Amino acid sequence: MDIEAEVVTLNDGLDYVILDEIMAHSNVYVYLSNTEDPRNFCVRKKLQNSAGSLLIGLDDENEFNMAMKLYFDKNGKGE
C-alpha cells in the first residue's frame, strides 16, 4: 500500500516529509521528518503571503515547547 506524502526541501538542502499541520495561536505549525533519517524531526511555522506559503523557524524554545505540546496532545506521545 503506497501512501502519498508531501515532501519539502528546507534551507539545509534536505528533504522532509510533512507529518502534520496544526493551527493554534494564529499560526500554522508544520511538523516535519527527514526522509533519510526519521529521527531528524523539526517544526516550522507556515506564513502565507501573496506569493504563496513559506516555512520559517520558531521564535524560541518556549514556542517550540508549546508546538510540541500541541502535537503530543493531538497525536499522543508514541508510548
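A residue counts as buried under 20% relative accessible area, as exposed over 50%, and as partly exposed in between. Keep that scale in mind for the close-ups below, which come from a predicted model.

**View 1. Tyrosine 71 and phenylalanine 72 make an aromatic pair.**
Welcome to the rings. The structure holds four aromatic pairs. In the one shown here, tyrosine 71 and phenylalanine 72 meet edge-to-face, with 6.0 Å from centre to centre and 70° between the planes. Phenylalanine 72 has a relative accessibility of 33%, so it falls in the partly exposed range. Tyrosine 71, at 16%, is buried. Step back a little, and you can find a cluster in which ring pairs link Tyr31, Phe41, Tyr71 and Phe72.

**View 2. Five strands build an open sheet.**
Here you can follow the strands in the order E1-E2-E3-E4-E5, with antiparallel pairing. At the edges stand strand E1 (7–9) and strand E5 (52–56); each has a single partner strand, so one side of each is left without a neighbour in the sheet. On average, neighbouring strands of this sheet are turned by 45° against each other, direction ignored. As background, strands of a sheet pair through backbone hydrogen bonds, and they may do so in a parallel or an antiparallel way.

**View 3. Strands E3 and E4 run side by side as an antiparallel pair.**
Look here at E3, residues 27–34, and its partner E4, residues 41–49. Six bridges join E3 and E4. For one of the residues to look for, take valine 28, whose bridge partner in E4 is lysine 46. Glutamine 48 also lies in strand E4. With a relative accessibility of 59%, glutamine 48 is exposed. Valine 28 and glutamine 48 are 20 residues apart in sequence, and their C-alpha atoms are 9.6 Å apart in space.

**View 4. Serine 33 is a buried residue of strand E3.**
This last close-up stays with E3, the strand that holds serine 33. The relative accessibility of serine 33 is 6%, so this residue counts as buried. What surrounds it? Leaving aside neighbours within four places in sequence, serine 33 is in contact with Asp15, Tyr16, Val17, Leu19, Pro38, Asn40 and Phe41. Proline 38 deserves a second look: its backbone oxygen lies 3.2 Å from a polar atom of the serine 33 side chain. You have also met Phe41 before, as one of the rings in the cluster of View 1.

Conventions
Residues are numbered from 1 along each chain as its sequence is written. This is a predicted model: local features need pLDDT of at least 70, side-chain atom pairs count only at pLDDT 80 or more; totals for chains, interfaces and linings use all residues. Side-chain values use heavy atoms; hydrogens and water are left out. Rings of Phe, Tyr and Trp (its six-membered ring) pair if their centres lie within 6.5 Å; planes under 30 degrees apart count as stacked, over 60 as edge-to-face and the rest as tilted. Buried means under 20% relative accessible area, exposed over 50%, partly exposed in between (1.4 Å probe, protein chains only). Helices (H or I, at least four residues) and strands (E, at least two) are DSSP runs, numbered from the N terminus. A polar contact is a pair of N or O atoms within 3.5 Å; within protein, one must be able to donate a hydrogen and the other to accept it, and residues adjacent in sequence count only if both atoms are side-chain atoms. Contact means heavy atoms within 4.5 Å. Two strands pair if DSSP finds at least two bridges between them. Axes are lines fitted to C-alpha atoms, for helices over the stretch in contact, and angles run from 0 to 180 degrees between N-to-C directions.
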